[in-house]
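Student: Could you take me through one part of this model up close? I'm new to it, and I'd like to look at the salt bridges and then whatever else stands out along the chain.

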Amino acid sequence: MSSDLCGLLAEAFLKNSWESIEVLVNRIKNLPEKSSRSPISLFCFKDGQKVLTKFGGNHFFLRGSVEYANPQLTIEEVQGIIGLRLLEAFGNYFVDYGLHDPDNKDFCEICETLKKPPKGKIVPFLLNTDEIEADRYSMNPLRASIVESGQSAFPAAYVKTNNLCIDPKFLEKYENSLISRKEIDFIRNNLEANPDSYLDFVDRVKYVQLDELFKIFGIDLSISALRMPLSTFEDEDKNGLLHDIIRESHKNYESISQAYACMNRSMAKRKTLLTVPHSVKGYGSKRAARGKIRFEDKKLKNIRVKYQTTLLYPNEINREDVSIAKANDDFTLEGEKFTNYCFSDTPSSPQFFLYSLGSPEDAAVWHGVGAFGASKLLRSYVSLRHTCAQGVLIKNLNNYNITTKVPLQFNLDPKRMWTHPVFKNIDSSIGCVKDLSKLTRKGMKLDYLSAFK
């Protein structure tokens with residue numbers, strides 16, 4: 001079965017995604033042989049242990065993602081990881097042997113590489129955003145205890161697992177639609193073995209699930225990962241890249257205005273915070289935070305932050321079941337805290353379009369932009385790079401060997417997104433699908449988003 005599914009997916013991908021393969025290979029062919037970029041450290045979990053691997057800066061980094069908002073792997077996440085792995089494998093093969101019409105021998109060799117860990121010029125990796133809420137989409141089986149322990153508005157990076165437990169009402173309501181009994185048992189067992197870090201707990205669970213899927217799909221899906229932005233902040237000193245991005249983007253009225261323009265936002269009310277300061281009570285939810293940026297003679301005077309209990313998002317099975325971030329705090333921080341930024345003094349969560357400048361990605365795979373993914377987020381992400389390339393806003397990226405060239409953008413075709421065979425949602429856990437061959441029949445197509453150059 002595994003070899004059949006691997007072959008079916010690879011065949012459909014080759015048929016439907018040839019333009020993306022060509023674009024990727026041609027971009028790599030035109031890159032300089034040497035890179036001044038520093039080595040990149042990525043992690044994965046093997047046999048329950050975190051393993052770090054360094055990759056030379058001359059590699060081409062292809063970014064995907066999974067969520068910390070749920071410990072179980074969703075159908076959407078699995079499709080994204082498989083799409084990432086397929087693009088990497090085909091890309092590496094044609095980088096080595098040149099673009100040509102593949103014959104059966106080529107195809108068989110590519111399928112063999114899919115059975116092994118990624119290897120070659122292209123390095124696929126998962127960018128795991130660690131500042132989101134632990135139950136952002138109302139699909140976490142630990143949901144009740146996340147709220148009861150006062151952690152529903154905490155960034156996932158700061159959630160502790162020692163007070164978390166499976167919510168029996170969640171299982172009763174969503175068994176076999178959002179999550180399976182087997183996954184619940186597995187989550188419970190791993191929770192007991194991991195009393196502190198929520199991030200390590202989620203990653204450990206997902207990597208074991210990926211190993212299990214290898215037996216079914218015949219594709220090695222244990223792709224290395226990088227946590228951002230909070231884990232990166234904690235690893236760098238005050239003179240690091242993310243610190244500098246905060247300082248430069250908050251320098252004065254003009255810099256904040258330029259950042260707002262990248263988001264296509266008006267400066268009239270200035271309520272969108274470029275980075276959301278955390279509360280001393282632990283809150284860091286961007287959704288629960290309300291802000292106001294104040295100036296004095298074009299200089300950043302202060303930023304007021306108010307946290308209040310806020311509804312987050314529903315799952316796709318029950319649109320009325322909306323997750324919640326419970327918070328209550330109100331404080332003001334002087335502008336100097338941001339123009340001379342230090343994360344250890346003023347922890348905060350930057351907007352994605354800012355901190356993604358620190359990701360090593362040369363290309364990215366998005367999930368259904370236009371139907372499921374956020375096209376506005378992608379536009380601000382691209383707009384910032386164009387702005388920086390013009391020498392505006394964040395002007396010192398060269399000090400960190402950061403290129404402002406817009407990474408290639410690929411997208412899982414919204415019309416071919418895998419869904420639950422019965423409920424037709426993308427956020428069911430992969431364990432809810434008894435026959436995974438039903439998903440593969442939809443094939444796999446990655447579109448090149450040429451509009452986001």
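Tutor: Sure, here is a walk through the salt bridges, followed by a few backbone spots and a sheet.

A bit of housekeeping comes before that. This is a predicted model, in which local features need pLDDT of at least 70 and side-chain atom pairs count only at pLDDT 80 or more, while totals for chains, interfaces and linings use all residues. Residues are numbered from 1 along each chain as its sequence is written, and side-chain values use heavy atoms, with hydrogens and water left out.

Now the salt bridges. Side chains of opposite charge can pair when their charged atoms come close. The rule here asks for a side-chain nitrogen of Lys or Arg within 4 Å of a carboxyl oxygen of Asp or Glu, and by that rule the count is 23 salt bridges.

Have a look at Arg227 and Asp203, which form a salt bridge with their closest N and O atoms 2.8 Å apart. This pair links distant parts of the chain, since Arg227 is in strand E5 and Asp203 is in helix H8, 24 residues apart. (Helices, H or I with at least four residues, and strands, E with at least two, are DSSP runs numbered from the N terminus.) How open are these two to the outside? Arg227 has 10% relative accessibility and so counts as buried, and Asp203 is buried as well, with a relative accessible area of 2%. For that label, buried means under 20% relative accessible area, exposed means over 50%, and partly exposed is in between, using a 1.4 Å probe and protein chains only. The two also belong to a network of salt bridges that links Lys50, Asp200, Asp203 and Arg227.

Helix H8 (residues 198-217) comes up again with Lys206, whose side chain meets that of Glu77 in a salt bridge of 3.0 Å, N to O. Glu77 is in helix H3 (residues 75-97), so here too distant parts of the chain are linked, 129 residues apart. Both Lys206 and Glu77 are buried.

For a contrast in setting, try Glu175 and Arg181, with a salt bridge of 3.3 Å, N to O. Glu175 is partly exposed at 30% relative accessibility, and Arg181 is partly exposed at 43%.

Next, the backbone. Most residues other than glycine have a negative phi, and most peptide bonds are trans. Met228 and Pro229, however, are joined by a cis peptide bond, with omega about 0 degrees. Pro229 sits in the loop between strand E5 (225-228) and helix H9 (230-235).

Two residues other than glycine have a positive phi: Ser138, near 55 degrees, and Asn264, near 60 degrees. Ser138 is in the loop between strand E4 (122-129) and helix H5 (143-148), and is buried at 0% relative accessible area. Asn264 is in the loop between helix H11 (253-262) and strand E6 (275-277), and at 71% relative accessibility it counts as exposed.

Last stop, the sheet. It is open and antiparallel, with 3 strands in the order E7-E8-E9. Strand E7 (289-296) and strand E9 (322-334) are at the edges with a single partner strand each, so one side of each has no neighbour in the sheet. Strands count as paired if DSSP finds at least two bridges between them; E8 (residues 299-314) and E9 pair over 10 bridges. Within that pairing, Val305 is opposite Phe331 in E9.
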